[in-house]
Amino acid sequence: MADKYQQRRFDIYGYEKIDTEVLEAIPYEYPEKSTVVEYVTEEFSSVCPWTGLPDTAKLTIRYIPYQKLVELKSLKYYLTSYRNVGILQEHAVNRILNDLVKLLEPKFMEVIGEFHERGGISTRIVARYEK
């Protein structure tokens, strides 16, 4: 019997579709403080690079800013650009960390991806940066 799912594919984009150009930083007025900023979304999604099936996650971005904050609208557009990108969950979390550290140069940053269960396994990835 032929595998009827073998030829079924969804559009899968490469890393070039991750829109880092949309990210904007705004000045932070309290660089001497150790204020913790945390952004949480339940709506992060990307796709499996092999099947195109969706990977969805609760994403938490926690950081101690130095001189810059990320502008939230730009962050929303950036995260949404992952929607059809074929990327491993572990790579997505690390890529987000790298892109935001490059933009903001924070004192500390942590990105946590809590990916919803698929095939009986859920995944939690924590990536950290310290200056």
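Contact means heavy atoms within 4.5 Å. The model in these views is predicted.

**View 1. The whole chain holds two helices and six strands.** From the N terminus on, the elements run β-β-β-β-α-α-β-β. The C-alpha trace spans about 65 × 30 × 20 Å along its principal axes. The chain has 131 residues, and 38% of them count as buried. The exposed area is about 8,400 Å². Carbon and sulfur atoms supply 49% of that area. Side chains with a positive charge number 18, and those with a negative charge number 20. The centres of the two charge sets lie 1 Å apart. Among contacts with a separation of 6 or more, 71% come from residues 24 or more positions apart.

**View 2. Serine 74 sits in helix α1.** The helix covers residues 72–80. Serine 74 counts as buried because its relative accessible area is 3%, under the 20% cut-off. A polar atom of the serine 74 side chain lies 2.7 Å from the backbone oxygen of glutamate 71. Leaving aside neighbours within four places in sequence, serine 74 is in contact with Val22, Leu23 and Glu24.

**View 3. Tyrosine 39 sits in strand β2.** The strand covers residues 37–47. Tyrosine 39 has a relative accessible area of 18%, so the residue counts as buried; the cut-off is 20%. The side chains of tyrosine 39 and tyrosine 63 are joined by a polar contact of 3.1 Å. Residues up to four places away in sequence are not counted in the next list. Tyrosine 39 touches Leu59, Thr60, Ile61, Tyr63, Val70, Leu72 and Leu75. One of these, leucine 72, is 33 residues from tyrosine 39 in sequence. In space, the C-alpha atoms of tyrosine 39 and leucine 72 are 9.0 Å apart.

**View 4. Helix α2 covers residues 89–104.** The helix has 16 residues. At 1.5 Å a residue, α2 should span 22 Å. The end C-alpha atoms of α2 are 23 Å apart, which agrees with that expectation. Buried residues of α2 include Ala92, Val93, Ile96, Leu97, Leu100, Val101, Leu103 and Leu104. Gln89 and Asp99 are also among the buried residues of α2.

**View 5. Glutamate 105 follows just after α2 with a positive phi.** The residue lies in the loop between α2 and β5. Phi of glutamate 105 is near 50°, a positive value in a residue other than glycine. Most residues other than glycine have a negative phi. The relative accessibility of glutamate 105 is 43%, so the residue counts as partly exposed. The partly exposed class runs between 20% and 50%.

**View 6. Lysine 107 is found in the loop between α2 and β5.** Strand β5 covers 108–118. Lysine 107 counts as partly exposed because its relative accessible area is 25%. Leaving aside neighbours within four places in sequence, lysine 107 is in contact with Pro31, Glu32, Lys33, Ile64, Pro65, Tyr66, Glu130 and Lys131. Tyrosine 129 is 22 residues from lysine 107 in sequence. The C-alpha atoms of lysine 107 and tyrosine 129 are 8.2 Å apart in space.

Definitions and conventions. Residues numbered from 1 in each chain as written. Predicted model: local features only at pLDDT ≥ 70, side-chain atom pairs only at ≥ 80, totals over all residues. Heavy atoms only, no water. Helix = DSSP H or I, 4+ residues; strand = E, 2+ residues; numbered from the N terminus. Buried < 20%, exposed > 50% of the residue type's maximum accessible area, 1.4 Å probe, protein only. Polar contact = N/O pair within 3.5 Å; in protein donor to acceptor, adjacent residues only side chain to side chain. Expected span 1.5 Å × (residues − 1). Areas by Shrake-Rupley, 256 points an atom, 1.4 Å probe, with all protein chains shown as cover. Lys, Arg positive; Asp, Glu negative; His and termini not counted. Charge placed at Lys NZ, Arg CZ, Asp CG, Glu CD.
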